[in-house]
Amino acid sequence: MTIANTMRIKLQNAFTPSVMEIIDESYMHIGHLGNCSGSETHFRIIITSRTFDKVSKVQRYRMVHNVIAEELDNRIHAVSMMLRSPNECLE
């Protein structure tokens, strides 16, 4: 199973998102430090979930990091995130 699919399952189970995208941006970093294999090292994660209602942005990042800690400790070099509640999508 790919890293992206593993993260998708873990994040789906943890946050039951209404929107979730996991975008592999590794191709943009080929040859850069931290991109050894050329794939599955750099990701963008976008999640909209009620779990994030009334939770600070810092705490949201910590929550996601805790869920995908194993992947972050092994092959992932960088991850950017957009984490929001459904209410924030209306603004």
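Which residue in E2 does Glu21 stand opposite? Keep that in mind while you find your way around; this is a predicted model, and the tour starts with its sheet.

**Stop one: the sheet.** Select residues 19–24, 42–48 and 78–84, colouring each stretch separately. These are strands E1, E2 and E3, and they make an open sheet in just that order, with mixed pairing. E1 and E3 sit at the edges, each pairing on one side only. Look at how the neighbours are set against each other: on average they are turned by 10 degrees, ignoring direction.

**Stop two: E1 against E2.** Hide E3 for a moment and keep 19–24 with 42–48. E1 and E2 run antiparallel, paired over six bridges. Now pick Glu21: across from it, in E2, is Ile46. Then click Val19, and you'll find Thr48 of E2 standing opposite.

**Stop three: E2 against E3.** Bring E3 back and hide E1. Here the two strands are parallel, and seven bridges join them. For a landmark, select Phe43, whose bridge partner in E3 is Val79.

While E2 is still selected, switch on a surface for everything else. Is this strand largely enclosed or open? Six of its seven residues are buried, so E2 is largely enclosed by the rest of the structure.

**Stop four: a helix on the sheet.** Add residues 57–67, which are helix H2. H2 packs on the sheet and touches both E2 and E3. Line up its direction with that of E3 and you get an angle of about 125 degrees.

**Stop five: helix on helix.** Next, select residues 3–15 for helix H1 and keep H2 on screen. Two packed helices are described by the angle between their axes and the distance between the axes. For this pair, the axes come within 9 Å and cross at roughly 130 degrees. That angle makes H1 oblique to H2. As for handedness, H1 passes H2 in a right-handed crossing.

To see what makes the contact, show side chains for Lys10, Leu11, Ala14 and Phe15 on H1, and for Met63, Val64 and Val67 on H2. Colour them by residue type: six are nonpolar, one is charged and none is polar.

Key: Residues numbered from 1 in each chain as written. Predicted model: local features only at pLDDT ≥ 70, side-chain atom pairs only at ≥ 80, totals over all residues. Heavy atoms only, no water. Pairing = 2+ DSSP bridges. Helix = DSSP H or I, 4+ residues; strand = E, 2+ residues; numbered from the N terminus. Axes fitted to C-alpha atoms, helices over the stretch in contact; angles between N-to-C directions. Contact = heavy atoms within 4.5 Å. Buried < 20%, exposed > 50% of the residue type's maximum accessible area, 1.4 Å probe, protein only. Parallel < 35°, antiparallel > 145°, perpendicular 65-115°, else oblique. Left-handed = near helix turned anticlockwise from the far one by under 90°. Nonpolar A, V, L, I, M, F, W, Y, C, P; charged D, E, K, R; others polar.
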